[in-house]
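The exercises below are meant to be worked through with the model open beside the text. Each task is followed by a solution in steps.

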Amino acid sequence: MFSRLKKGVFLPIILILSPLGAAAPVSISVDADAKGVPVQPTMYGIFFEDINFGADGGLYAEMVKNRAFNFPQPLMGWKTFGAVQLNNEGSPFAENPRYVRMTGIKHSRKRSLLENEGFRGMGFEQGKTYNLSVWARQPENEKPQNILVNLVDNENNVIGKANLRTDSTEWKRYSVSIKAGQTCEKGSLRLILESFGQVDLAHISLFPGDTWKNRKNGLRRDLVQALTDLKPGVFRFPGGCIVEGSELPFRYDWKKTVGPVENRPLNENLWNFSTSGRRTPDYYQTGGLGFYEYFLLAEDMGAEPLPIVNCGLACQFQTKEDGQQPMDQLGNYIQDALDLIEFANGSPETKWGKVRAEMGHPAPFNLKYIGVGNEQWGACYLERFSEFSKAIRARHPEIQIVGSSGPSPDGKRFDELWKAMREMKAELVDEHYYSNPKWFLENAARYDSYPRDGVSVFAGEYACYVKGFSNSPNNFLSALCEAAFMTGFERNADIVHMTTYAPLLAHKEAWQWRPDLIWFDNLSLVKTPNYYVQQLFSNNVGDRTVPVTSEGKPLTGQHDLYASGTYDGANKRLIIKLINSGREARDINLEFKGIKSGQLAEKAQYLLLHASNPQTENTFEAPFSVVPVSGQITIKGDQCSFRIDAETVGVYIFQLP
Ligand code: AHR
């Protein structure tokens with residue numbers, strides 16, 4: 001028990017921890033008898049956007065980049081050798097008409113070849129199976145052709161192979177499964193024409209065999225599992241700025257993302273070339289993870305879907321407000337929103353309900369919410385919002401509408417948007433805040449004084465930036481400050497109905513924006529400290545609030561402490577979240593009102609997230625540097641005393657009989 005002062009000089013630590021110097025315990029009262037307010041099941045959710053290779057190259061498990069040769073540079077992502085020509089005559093797919101014609105090289109050991117580099121490589125795992133599919137035909141009077149399919153590792157070794165033999169002069173889909181003999185992160189796919197005739201190849205696709213729920217055209221299992229583990233109550237999709245597009249023709253058009261994947265047209269990804277310093281010229285949207293896959297995933301996770309539709313405005317940042325669909329030509333955009341509701345909820349007898357049913361889901365998806373516009377602002381937004389909401393309310397009064405409060409969390413524009421949303425009776429208003437630690441700590445009481453007038457808050461995008469905007473690490477400090485702020489969501493559950501961190505996913509080599517909740521490469525993923533905060537909050541929340549106070553006031557930063565409480569009626573648990581953002585440990589005396597002495601189970605469980613250095617990050621090399629740890633504390637009668645360490649996120653769970 002010695003404290004080190006200078007090299008070789010030690011003092012007994014008792015001097016430092018003497019009762020005179022120690023901070024007095026903080027008394028906290030938990031009023032279990034108070035009525036509280038309901039906590040919505042949608043309180044903690046996820047927000048997905050195809051940014052940072054989030055969909056193509058990420059959640060969407062397709063491993064071939066530019067599988068339909070439909071990028072503006074048709075061979076981007078491909079290497080060719082020998083006689084390989086692009087063509088589009090007699091294509092099987094009207095929306096993606098390009099294919100390649102390969103011709104065998106006679107009288108030579110050379111072969112015509114196609115090689116795809118994947119999304120910053122392809123990740124293969126030893127012993128796992130990969131499914132290749134390709135549409136092929138031989139030209140008239142041509143014999144069957146032999147194609148050798150190779151999985152190739154980082155060092156050009158063949159680690160898996162299969163043969164494919166075409167047998168038709170009509171377009172036909174062929175598939176083979178290939179087992180990888182080695183694990184590698186940056187592999188590639190090779191197709192070698194072994195015979196000497198000609199063959200046409202379209203839509204060349206490679207998926208891992210073990211996609212989420214083993215679905216065809218599936219999603220990456222590990223990433224979906226990480227999302228599922230968050231137990232999201234709501235699932236916002238498809239963005240973000242991507243909803244708006246860099247210009248209106250590139251907006252997210254949901255109708256182009258349903259039906260057979262081969263015929264879903266390509267779209268330019270807004271994040272392709274819009275982030276200076278992090279340009280990603282090979283970033284396009286195949287629509288392979290489209291609206292059907294989205295609704296299905298929301299259903300798998302038990303999350304309410306919250307689609308956001310374009311309201312006739314392209315990205316207002318990028319277009320300097322030029323990209324506006326004229327008001328008298330807004331009809332198609334509004335119809336798209338109504339049709340989306342029909343796609344989700346209409347019976348299979350309706351036009352769009354039929355499309356859904358034919359894709360494999362005759363039952364409705366039970367859509368309850370729709371967001372009109374992303375973080376739009378100005379009169380141009382309000383007049384469009386008004387038209388959309390009139391049309392949606394007239395046809396679908398059962399759907400709740402989410403409106404925008406713009407890109408900033410306060411200011412004139414924000415106030416005007418909120419006022420207008422109230423006047424137009426939006427059910428929820430989407431707020432976005434990307435800010436620094438100070439902001440998050442100082443705003444923990446943000447919602448304590450919000451008007452209670454029937455319009456609810458959707459905190460649709462937020463993240464704490466400890467460094468520069470859009471280029472900040474996911475360190476523990478950022479997660480700690482988010483946790484402190486999130487106690488304010490929970491305390492104000494009567495008006496805060498939905499919250500989603502942003503962005504969700506980022507490929508370690510193809511990101512445009514950080515921080516992000518989950519980082520991944522082609523083989524693995526890293527859960528950030530911010531992820532664990534989200535998980536601690538969403539996995540441990542009751543159905544009604546319980547006041548947690550100190551000296552009669554909610555804890556919103558006194559003694560560097562932040563707190564919220566909920567009661568989980570189904571499991572009879574009181575769940576207290578307590579965050580210590582300060583550099584000193586705090587002794588806590590927790591006192592329960594409305595609970596008879598001895599009624600609480602003698603031991604309470606705690607879950608803590610802490611890092612001795614707040615700059616700590618979880619990395620690919622050390623993914624578990626910051627993870628929750630659990631333990632128990634003892635309760636005596638209706639009181640409980642414990643210490644919360646400096647800079648710690650704590651969840652304390654008390655069991656009632
Ligand atoms: O989350 C990243 C971006 O931040 C979103 O696309 C946009 O809505 C916000 O500006």
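A polar contact is a pair of N or O atoms within 3.5 Å, and this cut-off is needed in the first exercise, which, like the second, rests on a predicted model.

**Exercise 1.** Find the residues that surround the ligand, and work out which polar contacts hold for Glu49, Cys241 and Tyr434.

*Solution.* Begin with the shell, in which the ligand is surrounded by Glu49, Gly240, Cys241, Trp271, Asn374, Glu375, Tyr434, Glu461, Pro503 and Trp513. Sorted by character, these shell residues comprise five nonpolar, two polar and three charged.

Next, take the distances in turn. A ligand oxygen atom lies 2.6 Å from a side-chain N or O atom of Glu49, and for the side chain of Tyr434 the corresponding distance to a ligand oxygen is 2.7 Å. With Cys241 it is a backbone N or O atom that is placed 2.8 Å from an oxygen atom of the ligand. Each of these pairs is therefore a polar contact, being within 3.5 Å.

Finally, consider the cover: of the 280 Å² of accessible area that the ligand has on its own, the protein covers 96%.

**Exercise 2.** Identify which residues touch the most other members of the largest nonpolar core, and which helix gives this core its largest share.

*Solution.* The largest nonpolar core holds 127 residues, and within it Phe291 and Phe489 touch the most other members. Its largest share, nine residues, is supplied by helix H9, which spans residues 476–491.

Then follow Phe291 outwards: leaving aside residues up to four places away in sequence, its contacts include Phe237, Tyr252, Trp254, Leu340 and Phe343. Another core, of 32 residues, lies apart from the largest one, and Val64, Leu114, Leu189 and Leu193 are among its members.

Conventions
Residues are numbered from 1 along each chain as its sequence is written. This is a predicted model: local features need pLDDT of at least 70, side-chain atom pairs count only at pLDDT 80 or more; totals for chains, interfaces and linings use all residues. Side-chain values use heavy atoms; hydrogens and water are left out. A residue is near a molecule or strand if one of its heavy atoms lies within 4 Å of it. A polar contact is a pair of N or O atoms within 3.5 Å; within protein, one must be able to donate a hydrogen and the other to accept it, and residues adjacent in sequence count only if both atoms are side-chain atoms. Accessible areas come from the Shrake-Rupley method with a 1.4 Å probe; for residues, only the protein chains shown count as cover. Ala, Val, Leu, Ile, Met, Phe, Trp, Tyr, Cys and Pro count as nonpolar, Asp, Glu, Lys and Arg as charged, and the others, Gly among them, as polar. A nonpolar core is a set of buried Ala, Val, Leu, Ile, Met, Phe, Trp, Tyr and Cys residues joined through side-chain atoms within 4.5 Å. Buried means under 20% relative accessible area, exposed over 50%, partly exposed in between (1.4 Å probe, protein chains only). Helices (H or I, at least four residues) and strands (E, at least two) are DSSP runs, numbered from the N terminus. Contact means heavy atoms within 4.5 Å.
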